[in-house]
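This report is meant for a reader who meets the structure for the first time. Please keep the sequence and the 3D view at hand while reading.

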Amino acid sequence: MDLPASTIESSKQARFDEKKAYVPQEEQGQAFFDDGREVELLHFVYGHPSIAEIRGSPQKVLEAIDEYGRTKKYLMNVGDDKGKIVSDLIAEVKPQTMVELGGYVGYSALLFGDAVRKAGGRRYFSLERNPEFGAVIMALADLAGLSDVVKVVIGSSADSIKLLHSQGDLRHIDLMFLDHWKPAYLSDLKLCEHLDLVTLGTVLAADNVIKPGNPPYLEYVRSSVEKKKKAYDSEQSNGVDVKSSFGRNADMYKEREGEEKISTEAKGNPNLVYESELVHSYEPTGDPDGVEITRCVGKSE
């Protein structure tokens, strides 16, 4: 795929520190989440010998989560390597309102919610489909002393975005972290465009664009306005070919939460101009991955 000149790929990448690696993700066919480990993590953190020092400290709660991931079971967290990329972005952007799509056990909500508060921001919305995971996020946010900043919303990402918008709680997204069901990255971005939540100055940070990858999303944020308008005017669907684009990752939530559905009613705003940069980094296990940083720099008329 030919990329526009505005797309930049960062090649500078520090070596991964193997001493901090999580235990490996389970092999294909074995459960690597939603098998009880999330509640087990909650007991691990609240039963930690250093619980008195952990209370009220986002950093120490994160360290306890990392300890579990390194000594007990794999957790599909953003980790501190990719986390630093987004934390530095928060310090630069200074968002008043930040949204994350996909909260899991709250690692990103604690790390980025704390960064938003330090940058002078007021609200970090964590949108999580699984109510058990959402409860874990809320419990750990309370333990970390971040309940005044982190707001957890339970439900599908599309429904939660529309709910927050209709209630007037979400009028503009300064910074959004995408780390949920991979086929929904593109459709949820287009929904946010449609609702005028993404405008000049909005910054997007998309996780897992290398592992497992997200070709439809990358193609869109790296495309020219002309290419996007051509697709829009031809009335192409908002959706993507889930099976061919994402393989086994397409059904990763199906067993417990039912069939995932992509919101296809909004075709987005093709006139928004993006500049995108791939920043290489690592999964907490040490596997190579990257974060796509996309900035809305204008609007073509």
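The text below goes from the chain as a whole to selected helices, residues, ring pairs and a cavity.

**Basis of the description**

The model is a predicted one, in which local features need pLDDT of at least 70 and side-chain atom pairs count only at pLDDT 80 or more, while totals for chains, interfaces and linings use all residues. Residues are numbered from 1 along each chain as its sequence is written, and side-chain values rest on heavy atoms, with hydrogens and water left out.

**The chain as a whole**

The protein chain has 13 helices and eight strands, where helices (H or I, at least four residues) and strands (E, at least two) are DSSP runs numbered from the N terminus. Of its 301 residues, 54% are buried; buried means under 20% relative accessible area, exposed means over 50%, and partly exposed lies in between, with a 1.4 Å probe and protein chains only. Among contacts (heavy atoms within 4.5 Å) between residues at least 6 apart in sequence, 80% join residues at least 24 apart.

**Helix α8 and its cover**

Helix α8 spans residues 184-194 and is largely enclosed by the rest of the structure, because ten of its eleven residues are buried. Among these buried residues are Tyr-185, Asp-188, Lys-190 and Glu-193. What covers the buried residues of α8 includes the strands β2 (97-101), β5, β6 (203-206) and β7 (272-282), together with the helices α7 and α10 (215-221). Just after α8, Asp-196 takes a positive phi of about 60°.

One residue in contact with Asp-188 is Ser-157, which belongs to helix α7 (residues 157-166). The side chains of Ser-157 and Asp-188 make a polar contact of 2.5 Å. A polar contact is a pair of N or O atoms within 3.5 Å; within protein, one must be able to donate a hydrogen and the other to accept it, and residues adjacent in sequence count only if both atoms are side-chain atoms. Leaving aside neighbours within four places in sequence, Ser-157 also touches Leu-101, Leu-127 and His-180. The C-alpha atoms of Ser-157 and Glu-100 are separated by 9.4 Å, although the two residues are 57 apart along the chain.

**Three buried residues side by side**

The table lists Ser-157 with two other buried residues and gives the place of each.

| Residue | Relative accessibility | Place |
|---|---|---|
| Ser-157 | 15% | helix α7 (residues 157-166) |
| Asp-114 | 13% | helix α5 (residues 107-118) |
| Asn-77 | 5% | loop between α3 and α4 |

Beyond its neighbours within four places in sequence, Asp-114 is in contact with Pro-58, Ala-109 and Leu-146. With the same kind of neighbours set aside, the contacts of Asn-77 include Ile-65, Tyr-104, Val-105 and Pro-284. The side chain of Asn-77 also makes a polar contact of 3.2 Å with that of Tyr-22.

**Aromatic pairs**

The structure holds seven aromatic pairs; rings of Phe, Tyr and Trp (its six-membered ring) pair if their centres lie within 6.5 Å, and planes under 30 degrees apart count as stacked, over 60 as edge-to-face and the rest as tilted. The rings of Phe-44 and Tyr-68 form an edge-to-face pair, because their planes stand at 70° with the centres 5.5 Å apart. This pair links distant parts of the chain, with Phe-44 in helix α1 (residues 37-46) and Tyr-68 in helix α3, 24 residues apart. Phe-44 counts as buried at 19% relative accessibility, and Tyr-68 counts as buried at 1%.

Phe-112 and Phe-177 form an edge-to-face pair, at 5.1 Å centre to centre and 80° between the planes. Phe-112 lies in helix α5 and Phe-177 in strand β5 (residues 175-178), so the pair ties together parts that are 65 residues apart in sequence. Both Phe-112 and Phe-177 are buried. Elsewhere, Phe-32, Phe-33 and Tyr-74 form one aromatic cluster.

**The cavity**

A search of the whole structure finds one cavity of 30 Å³ or more. On a 1 Å grid over the protein atoms alone, a cavity is a set of points where a 1.4 Å probe fits but cannot get out, and lining residues have an atom within 4 Å of a point. The largest cavity holds about 30 Å³ of space, and its lining includes Tyr-22, Asp-66, Arg-70, Asp-80 and Pro-284. The elements that give two or more residues to this lining are α3 (58-71) and α4 (79-93).

Notes: 1 Å grid on protein atoms, 1.4 Å probe; cavity = no way out; pocket = protein on both sides within 12 Å on 5 of 7 lines; lining within 4 Å. Points joined across faces, edges and corners; volume = space filled by probe spheres on them.
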